[in-house]
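I am opening this notebook to record what I looked up, entry by entry, for someone who has not seen this chain before.

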Amino acid sequence: MNAKSIVLGTAGLGGVWGRRDRPASVRTILTALENGITALDTAPAYGDAEEIVGDALKQWRGPMPVISTKAGRLRSYAAEEARYDYSAAGIMNSVYHSLKALGIPAVDVLFLHDPEAVPEEEADNVIGVMQHLKQLGLVKKIGLGGNIPLWMEAAIKTGVFDVIMEFNRLNAGNVAALYDRLPFCQARGMAYYAASPLHMGLLGRNFNVWQQQPPSWLPADRIATAQRLQLIADRHRLSLPVMAHRFLLNIPHAFNIVIGASAPDELEDSLSAFREGPLPAAVYQDILDCNK
């Protein structure tokens, strides 16, 4: 089975990409649930996102969605700002605060936020705290959320983690996970979350401005790839964002796609693109070739 599940990410709704209207953010979540999305991803680091998700869940009368949140990275209202607390007390307090903000008794998935920022000598203690939270029943599954350092690969192979989420490693602008992490997870029965189909906006609303003023975290080769992808989209009479969304539907594996809509209209754009279904095989191959 190669089924894809759509997860609504809430970083933008929480305000890390700019100030947002809270009622509109709640409405975006409710609209997503009404349109068949059954999973929400949030984090303390996403501004007011957890509280906004909690507000939406109080109003929602349908089946309870799968809720994932994170621990380790502290609250911020700027995507580039990162502060961390990976202490046992910090992680425990983070989870208790998340449960209160979300208004739920347990989190379906707890991700360790930005594992590359964890000091290697503290890794065993951090993993131990997450396992303890799972034993307590406060979280049902534990995972890694973000770029994963090489030294943590050994821990992954032990089977301690149930889920892996990676950012910008499986989309039209970077297919690295297609050849390493995704088949790795499939072989071990681990769920995989591919976050940011539009590469944090490079394949969407930020395409033009980032050609002139790229953010510090964005490698030059990613911009060059985006330019080649735009030519492919033009050749096939597709918009770049629509092509990028549909590309993920062609990938011959089952995984979760985390979209990052910041408003109802952005949500509708993403859902509309997915409704068009997979790309023609020739377009899919053009995108793969573009990434070589």
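**Entry 1: alanine 261.** I began with alanine 261, which I found in the loop between β8 (255–259) and α12 (264–275), and I noted beside it that the model is a predicted one. Is alanine 261 buried or exposed? Its relative accessibility is 4%, and since buried means under 20% relative accessible area, alanine 261 counts as buried. Leaving aside neighbours within four places in sequence, I listed its contacts as Leu8, Gly9, Leu13, Glu266 and Leu267. I also looked up a distance to a residue far along the chain: alanine 261 and isoleucine 29 are 232 residues apart in sequence, while their C-alpha atoms are separated by 9.4 Å.

**Entry 2: isoleucine 6.** Next I turned to isoleucine 6, whose place is in strand β1 (residues 4–9). With a relative accessible area of 18%, isoleucine 6 is buried. Which residues does isoleucine 6 touch, not counting those up to four places away in sequence? I wrote down Ile37, Thr38, Ala39, Ile257, Ile259 and Phe274. For isoleucine 6 and leucine 271 I noted a separation of 265 residues in sequence, against 9.0 Å in space from C-alpha to C-alpha.

**Entry 3: the chain as a whole.** After these two residues I looked up values for the whole chain, beginning with its secondary structure, which comes to 13 helices and eight strands. Among contacts between residues at least 6 apart in sequence, 72% join residues at least 24 apart. Buried residues make up 57% of the 292 residues. How does the radius of gyration of the chain agree with that of a compact globule? A compact globule with 292 residues would have a radius of gyration near 19 Å, and the chain has 18 Å, which agrees. Along the principal axes, the C-alpha atoms fill a box of roughly 55 × 45 × 40 Å. I put the accessible surface of the chain at about 12900 Å², with 52% of it belonging to carbon and sulfur atoms. For the charges, I noted 27 positive and 30 negative ones, whose mean positions are 4 Å apart.

**Entry 4: helix α3.** I then went through helix α3 (residues 49–59), which is mostly covered, with eight of its 11 residues buried. Which residues of α3 are buried? My list reads Ala49, Glu50, Glu51, Ile52, Val53, Gly54, Ala56 and Leu57. What covers these buried residues includes the helices α1 (11–14), α2 (22–34) and α4 (88–102), together with the strands β2 (39–41) and β3 (66–71).

**Entry 5: serine 196 and histidine 199.** My next stop was the loop between β7 (191–195) and α9 (207–212), where serine 196 lies. Serine 196 has a relative accessible area of 14% and is buried. Where does a polar atom of the side chain of serine 196 lie 2.6 Å from a backbone nitrogen? The backbone nitrogen in question is that of methionine 200. Leaving aside neighbours within four places in sequence, serine 196 is in contact with Asn168, Asn171 and Val258. I also checked the backbone here, and phi of serine 196 is near 75 degrees, a positive value in a residue other than glycine. Histidine 199 lies in the loop between β7 and α9 as well, and although it is not a glycine, histidine 199 has a positive phi of about 50 degrees. At 3% relative accessibility, histidine 199 counts as buried.

**Entry 6: asparagine 250.** I closed with asparagine 250, whose place is in helix α11 (residues 240–250). Asparagine 250 counts as buried, at 17% relative accessibility. What does the side chain of asparagine 250 reach at 2.8 Å? I found the backbone nitrogen of leucine 279 there. Leucine 279 also appears in my list of residues that asparagine 250 touches, which, not counting residues up to four places away in sequence, holds Pro278, Leu279 and Tyr284.

Note on methods:
Residues numbered from 1 in each chain as written. Predicted model: local features only at pLDDT ≥ 70, side-chain atom pairs only at ≥ 80, totals over all residues. Heavy atoms only, no water. Helix = DSSP H or I, 4+ residues; strand = E, 2+ residues; numbered from the N terminus. Buried < 20%, exposed > 50% of the residue type's maximum accessible area, 1.4 Å probe, protein only. Polar contact = N/O pair within 3.5 Å; in protein donor to acceptor, adjacent residues only side chain to side chain. Contact = heavy atoms within 4.5 Å. Rg over C-alpha atoms; globule rule 2.2 N^0.38 Å. Areas by Shrake-Rupley, 256 points an atom, 1.4 Å probe, with all protein chains shown as cover. Lys, Arg positive; Asp, Glu negative; His and termini not counted. Charge placed at Lys NZ, Arg CZ, Asp CG, Glu CD.
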